[in-house]
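Hi everyone, thanks for making room for me on the agenda. I'd like to walk you through how some strands pair up in the structure I've been looking at. Let me put it on the screen.

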Amino acid sequence: MDDEEKAALLEIEPSAAKWMRPFLGAEEFINNTAAPGGDGSYEHPFDSFNHPNGIPNADLILVARGDSTLANPYVGTMKLFDNQRLIGEGSQGIAPLPLSAVYGNCSVAGNFALPGYGNGDGNFPFVKSGSGGPIVTLANNNEVTAFNFIGSGGDAIVGNGIHDFNLHNLEISGNAGRGIALTGATGASTVISNINLGSVNSPNPNGYGNNAGGGIFVSAGPSGLTNLKLTNVNMNSSPAGTQPFGVWLSGAQGSLTSTLTNVNVNGNGTGLKLDETNHSLVANLLGVSANGNMNDGVDITAQVRTAD
């Protein structure tokens, strides 16, 4: 986003825009229709999603839909750094960004929506990894939203030992690995929501995941997950058993407290799996459907302590 566009967003004079950079943070743009050799600016975006070493110093990474389709997706893997937000074009329900600027004796502050990112049309970019690697590797306090992660050669989203996350409004299906795999996660602000509800350009009326490695796996780290929320999540499978499990929550390394609201895990190997070893695991189930699974609809394994 150039200075004039930033100024227009905040409704101040373009000549003041240069003073805004320290307050707006850094945005990096990706668009697969751009010319090669871009620097990630709005005017010259990167033309590839493939950043296995990440994009350092970026607060926001904004991915245009470009000409991506199910048959012609972005191909690559993205490593995130702490506090980065990875947002696809067409995103809906994104909280406006708190922005502020000071210019001489004048100042402006408020919450502002980025055009096309936050009140979009629901047509998300298609992305997959080309090999066995993940599409996105999380760090601490990341947000990932508004993507069709379909047909990847490995896991879609992974994180190891991360703290806090917000994964929402995502289509995650048909991947060779797991849909979401978070190992040793901790924190109190941990959200997975609006998964496989169907995007405009990738309808999914039955909420199928069909990820060959499993749907959503989350295990708590030693300091625990105190408020994990899974809301409006579909991880169904067809034919039955195509996906080994729908949702698996583990307290093997640390205590885990969770609330599952409107979660559907039908037609899997196992629908909902809960396990713990010498730690507490609490799962508040508020509208969970686990029907037609090859094995158990709900599988609870507890050692020494009990799972509630």
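What follows is a short tour of the strand pairings, one partner after another. Please keep in mind that this is a predicted model.

Let's begin with strand β12, which covers residues 142-150. How many of its nine residues are buried? The count is nine of nine, so to speak a full house, and β12 is mostly covered by the definition used here.

Now, who are the neighbours of β12? One of them is strand β14, residues 163-173. β12 and β14 run parallel and share eight bridges. If you'd like to find that pairing on the screen, look for Thr145, which sits opposite His168 in β14. Further along, Phe149 faces Ile172, again in β14.

Another partner of β12 is strand β5, residues 85-88. This pairing is parallel too, with three bridges. Here the residue to look for is Leu86, which stands opposite Val144 in β12.

Then there is strand β10, residues 126-128, which pairs with β12 in the parallel sense over two bridges. Phe126 has Asn148 of β12 as its bridge partner.

Let's move across to β14. Is this strand mostly covered or mostly open? Mostly covered: nine of its 11 residues are buried. Besides β12, β14 pairs with strand β15, which spans residues 178-195. Those two are parallel, and six bridges join them. Leu167 is a handy marker, with Ile192 in β15 as its bridge partner.

That brings us to β15, and to a further parallel pairing. Which strand pairs with β15 over four bridges? That would be β13, made up of residues 157-160. To see the contact, find Val158 and look opposite, where you'll meet Ala181 of β15.

Finally, β13 has another parallel partner in strand β11, residues 136-137. Two bridges link the pair. Val136 is matched there with Ile157 in β13.

To recap the route: β12 pairs with β14, β14 pairs with β15, β15 pairs with β13, and β13 pairs with β11. On the side we also met β5 and β10, each paired with β12. Thanks for listening, and I'm happy to scroll back to any of these.

Conventions
Residues are numbered from 1 along each chain as its sequence is written. This is a predicted model: local features need pLDDT of at least 70, side-chain atom pairs count only at pLDDT 80 or more; totals for chains, interfaces and linings use all residues. Side-chain values use heavy atoms; hydrogens and water are left out. Buried means under 20% relative accessible area, exposed over 50%, partly exposed in between (1.4 Å probe, protein chains only). Two strands pair if DSSP finds at least two bridges between them.
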